[in-house]
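Let's take a walk through this protein together, with the structure open beside the text. Keep the viewer handy, since each stop is easier to follow with the residues on screen.

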Amino acid sequence: MGKGRRMKKQGPPGPLDESKISILKKRKAAEADSAPKVAAAKKRRRADVEEEVVAKKITPKKNKVNGVAASKVDKKEVTGKKKPVPMGSDEEDLDMEDDEFDDLDGVSEGSMDSDDQVERLSDWGYDDDEPENDSVVDSDEDDHPRGTMFSDDEDLSDAEEKLTAANIEGLSRKLDAAKQAEEEEAEQELQEAALQTNIAGDGPDVFADQAQQGLAPDLQLLRQRITDTIRILGDLKTLGQAGKSRAEYVDLLLSDICTYYGYTRFLAEKLFNLFTPMEAFAFFEANETPRPVVIRTNTLRTNRRSLAQALINRGVVLEPVGKWSKVGLQVFESPVPLGATPEYLAGQYILQAASSFLPVMALAPQPNERCLDMAAAPGGKTTYMSALMRNTGTVIANDASKPRAKGLIGNIHRLGCKNTIVTNLDARTAFPKAMGGFDRVLLDAPCTGTGVISKDPGVKTSKDERDFLAIPHMQRQLLLAAIDSVDHSSKTGGYVVYSTCSVTVEENESVVQYVLRKRPNVKIVDTGLGDFGSPGFISYMGKKFDAKMALTRRYFPHRENVDGFYVCKLKKTGPSPAAKPADDATSARDRRPARASSQAASTDDEIDKTPIVDEDGVTVDFEGGAFGPFEETEDADRIARAERNRLRRKGLNPKGVLNKPKKTKGEASSKPVEPIQDQEIKANATKKSSNQGKGEKKTVTKSDRKEKKVKKAAK
Ligand SMILES: C[S@@+](CC[C@H](N)C(=O)[O-])C[C@H]1O[C@@H](n2cnc3c(N)ncnc32)[C@H](O)[C@@H]1O
């Protein structure tokens, strides 16, 4: 079985509408025949007879076979003239060769009329005069329907037509390449199916293959055995060998996955457990190919239509990222480095992974609000927030890493965000102490990066059990601080969005579940991202989560063809109570917004005494309950426990190991993991951390290394 087309079909955002492209290709051919007529046609609502004839000639494709055949015909009609040049950028690896974003299985089956042929630009949502934030609202407020994103009434000038035609050529090449790849894949699937038929009825002896394998694995055989084992696991009764258990097959499959894709056993198992074996295979496969290159239009400087035209003029082949975004453009080919075009330098766009748009769309910051981006560098999301707020209100963009904060400042300047202030604080302890009372807070948390393995394959081997203890620990701290920094009585907001570019449950649902327990004054609300993505887990490996966890969204490379991502939106329903003076490091108090703080006469005045009620309106009694600041000891105990279990699993005696002079048991529990900040720096220095991977290229600077040395010396 090759990379399953079924998996590939699972819903990439905004697939190309093949029928429209084919029609445009046909139309281009028709244009060649009747150029004068076309040149005369300036309005897009043309319905002249000739066009209708062209439209009728083009029968919409009903199935793949037809699609492929038609594509071949099209290829003859529109021959690619320019050789695609690989793109380059200073922000992102822009290797486009194995772009998977062009799954065209969602071909329109409806018949196309002539209007369809001339509405290309408006179908692309190029009518961006309407500000994007008109369509970004809080989804738990029922009376805010999302605005119309795409205009039907647009003129298409000759110049635009030419530009579009040039772009269409590129898109056609892309389409044809995709078709060819699909054909090859189908062929491979057929061959594999034939192989499987030969052995059907009596499952393949995958264990015998294993014995035969020498030191250097034959990758072809290995892949075959992976697919065989997956098939056997799908019908163990019929295909399984006598005396072999499911566990043995899973064990073999995991070893093969580790060898074939290069993961540590620990991580392979963690990721494998998220899916069925078949889907896990699709996930591992998707991690081997880059996601599509996407740029976000900076609406503070331009609109998507103008930007698209400017880039098409430079020979860039692009297309809107999907109907879910009004500002994203997917780039297929570019003869120029996307990080060095005049438009880029003028701040008209930023290279940003599609999934990176989602947390900001869920946050839906409104003009004139006061928002916090807790972990902001390099600023893809901050600058989007600023744009949605139309440069009004205030965005506090914080990052604990100084070198990264510098990059953040660079992006803020380039994109012309004037409502943004950069701070360089450890958000776990600085907020809400330094500043609080925000209308909205985004916590795009540092994470292990298991969602961006295609960008950072180092994750496959660099993340171990300790990371999956330390990083969620930090995420819990950060999320509590985020909640405590929000003004629950904000007239327009009171929201926190938590996101990671990781797909593990420990960093996502488990973190949210933890804060729900610690902060009964928040509830999960709908992200407003619609059906795009999959619901969060409500249970996992025997662990039950809040039923509303299904409102959180998960994104996977193999399902949506975006980086793996998690988005959760929380609404603060009541104030966080005042912290005891000693707790001020992680103060659990709603601080009044700075604009009102001068009026706060005393600390006591700052404490909001409004009773906290649950969903049924019943006052929640926190006496002796879990409510309060982050409990370092409790979390340390949890980590120490996990560490002991880890050692036991390795066959080591935790007492012996943890009682060694250099690392006493006491130390293990009070300081169970490397300080997070150090981990961040380590991650930066080794280039293996994933948390920065979402669209912006990571660089290890001299000052990174210097900072690391200073930290070490301080330790
Ligand atoms: C996933 S990245 C943020 C990406 C950013 N939101 C964007 O879209 O461009 C996580 C960031 O968290 C920062 N970070 C790590 N620990 C932190 C802490 N304790 N307080 C604040 N920021 C922290 C890292 O320096 C890193 O830049």
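The paragraphs below go from an overall view to the strands, the core, two helices and a separate sheet.

First, a word on what you are looking at: this is a predicted model. The protein's secondary structure comes to 31 helices and 15 strands. Of its 715 residues, 47% are buried. Take the contacts between residues at least 6 apart in sequence: 79% of them join residues at least 24 apart.

A good place to begin is β9, which spans residues 495–500. Is this strand covered or open? β9 is mostly covered, with 6 of its 6 residues buried. In a regular strand, side chains alternate between the two faces of the sheet. Here, Tyr495, Val497 and Ser499 lie on one side of β9, Val496, Tyr498 and Thr500 lie on the other, and all of them are buried.

Now look at the strands that pair with β9. Strand β8, residues 440–444, runs parallel to β9 and is joined to it by 5 bridges. Within that pairing, Val441 has Val496 as its bridge partner, and Leu443 stands opposite Tyr498. β15 also pairs with β9, this time antiparallel and over 6 bridges. There, Leu570 of β15 stands opposite Val496. Val496 thus gives you a handy landmark, with Val441 as its partner in one pairing and Leu570 facing it in the other.

Moving on to β8, you will find 5 of its 5 residues buried. Arg440, Leu442 and Asp444 are on one side of β8 and Val441 and Leu443 on the other, so that both faces are covered. β8 also pairs with β5, residues 370–373, in the parallel sense and over 3 bridges. In this pairing, Cys371 has Arg440 as its bridge partner.

These strands lead us to the interior. Which residues have the most contacts inside the largest nonpolar core? They are Met374, Leu443 and Val496, in a core of 120 residues. The element that gives the most to this core is α22, with 10 residues. Try selecting Met374 to see its surroundings. Setting aside neighbours within four places in sequence, Met374 is in contact with Asn398, Ala427, Phe431, Val441, Leu442, Leu443, Leu478 and Ala482. Among these contacts, Val441, Leu442 and Leu443 belong to the buried residues of β8.

Next comes helix α18, residues 380–388, which is largely enclosed by the rest of the structure because 9 of its 9 residues are buried. The buried residues include Gly380, Lys381, Thr382 and Thr383, along with Tyr384 and Met385. Ser386, Ala387 and Leu388 are buried in α18 as well. After the helix comes Arg390, which has a positive phi, near 55 degrees.

Let's return to β9 and follow the chain onwards. The loop between β9 and α23, a helix covering residues 509–518, holds Cys501. In UniProt, an unreviewed entry carries the annotation "active site" for Cys501. Is Cys501 buried or exposed? Cys501 counts as buried because 31 other C-beta atoms lie within 10 Å, where 20 or more are needed.

On the far end of that loop, α23 has Glu509, Val511, Val512, Tyr514, Val515 and Lys518 as its buried residues. An α-helix has 3.6 residues a turn, so residues three or four places apart point the same way. What covers the buried residues of α23? The cover includes α22 (467–484) and β9, together with β10 (522–525), β12 (539–540) and β15 (565–572).

Our last stop is an open sheet of 4 strands, with the order β2-β3-β1-β4 and antiparallel pairing. Its edge strands, each pairing on one side only, are β2 (317–320) and β4 (349–351). From one strand to the next, the twist averages 30 degrees. Helix α15, residues 304–313, packs on this sheet and touches β1 (293–297), β2, β3 and β4. The direction of α15 makes about 165 degrees with that of β2. For a closer look at one pairing, β2 and β3 (residues 328–333) run antiparallel and are joined by 4 bridges, with Leu318 having Val331 in β3 as its bridge partner.

Notes: Residues are numbered from 1 along each chain as its sequence is written. This is a predicted model: local features need pLDDT of at least 70, side-chain atom pairs count only at pLDDT 80 or more; totals for chains, interfaces and linings use all residues. Two strands pair if DSSP finds at least two bridges between them. Axes are lines fitted to C-alpha atoms, for helices over the stretch in contact, and angles run from 0 to 180 degrees between N-to-C directions. Two residues are in contact if their C-beta atoms, placed from the backbone, lie within 7 Å. UniProt positions are given in the numbering used here, feature names are shortened, and annotations may be inferred rather than shown by experiment. A residue is buried if 20 or more other C-beta atoms lie within 10 Å of its own, exposed if 12 or fewer, and partly exposed in between; C-beta atoms are placed from the backbone. A nonpolar core is a set of buried Ala, Val, Leu, Ile, Met, Phe, Trp, Tyr and Cys residues joined through C-beta atoms within 7 Å.
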